[in-house]
Amino acid sequence: MLTAVIIINLLISLVCFYIAARVWKIRRTIARLELRIAAMERRSSNVLSTSPGFLGKRQQGTRQLRRRYQQLELQLQQVQQLLGLLGLGRMLWSRRDRRLR
């Protein structure tokens, strides 16, 4: 009877030791994950803290590009009108030359 009690106690101790080892391993894994999450949080915080200035500069650059594009479109229209007038003048000039001949 004493032997059975000792064997049962040893089995219970082994099961408890196994459970304790698993809990310890899970705690280590959780601690590593916690460190990784904290590092990711710091990195994302650093990136996001510098974002407003970066985005503001890019928005200003975009506004300048839009203004410049509008100016270029206006100049293109003016050049197209000028070329149209030159073409019309050339056509009228060639008609005038034909009449004079």
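Helices here are DSSP runs of H or I that hold at least four residues, numbered from the N terminus. In this predicted model, one such run, helix 1, covers residues 2-100 and includes Lys-25, and the secondary structure of the chain amounts to that one helix with zero strands.

**Overall form**

The C-alpha trace spans about 140 × 30 × 10 Å along its principal axes. The radius of gyration of the chain is 42 Å, whereas a compact globule of 101 residues would have a value near 13 Å. Two separations between C-alpha atoms add to this description: Cys-16 and Ala-31, which are 15 residues apart along the chain, are separated by 22 Å, while Leu-92 and Met-1, 91 residues apart along the chain, are separated by 128 Å.

**Exposure**

What share of the 101 residues in the chain is buried? Buried residues make up 1% of them. The chain exposes about 10100 Å², and carbon and sulfur atoms supply 64% of that area. The table gives the relative accessible area of four residues, and helix 1 is the place of Lys-25, Tyr-18, Cys-16 and Leu-92.

| Residue | Relative accessible area | Class |
|---|---|---|
| Cys-16 | 47% | partly exposed |
| Tyr-18 | 53% | exposed |
| Lys-25 | 45% | partly exposed |
| Leu-92 | 46% | partly exposed |

The classes follow from two cut-offs, since buried means under 20% relative accessible area and exposed means over 50%, with partly exposed in between. Tyr-18 therefore counts as exposed because its relative accessible area is 53%, and Lys-25, at 45%, is therefore partly exposed.

**Surface patches and charge**

Tyr-18 also belongs to a nonpolar patch on the surface, which it forms with Val-15, Ile-19 and Val-23, and these residues together have about 390 Å² of accessible area. Lys-25, in turn, takes part in a positive surface patch, in which Arg-22, Arg-28, Arg-32 and Arg-36 are the other members. Because patches are made of residues with over 30% relative accessible area and no salt bridge, the 45% of Lys-25 explains why this residue passes the accessibility condition, and the 53% of Tyr-18 likewise explains why Tyr-18 passes it.

For the chain as a whole, how many side chains are positive and how many are negative? The chain has 20 positive and 4 negative side chains, and the centres of the two sets lie 4 Å apart.

Technical notes. Residues are numbered from 1 along each chain as its sequence is written. This is a predicted model: local features need pLDDT of at least 70, side-chain atom pairs count only at pLDDT 80 or more; totals for chains, interfaces and linings use all residues. Side-chain values use heavy atoms; hydrogens and water are left out. Patches are made of residues with over 30% relative accessible area and no salt bridge: like charges are joined within 9 Å, nonpolar side chains (Val, Leu, Ile, Met, Phe, Trp, Tyr) within 5 Å. Accessible areas come from the Shrake-Rupley method with a 1.4 Å probe; for residues, only the protein chains shown count as cover. A salt bridge is a side-chain nitrogen of Lys or Arg within 4 Å of a carboxyl oxygen of Asp or Glu. Lys and Arg count as positive and Asp and Glu as negative; His and the chain ends are not counted. The place of a charge is taken as NZ of Lys, CZ of Arg, CG of Asp or CD of Glu. Helices (H or I, at least four residues) and strands (E, at least two) are DSSP runs, numbered from the N terminus. Buried means under 20% relative accessible area, exposed over 50%, partly exposed in between (1.4 Å probe, protein chains only). The radius of gyration is taken over C-alpha atoms; the globule rule is 2.2 Å times the number of residues to the power 0.38.
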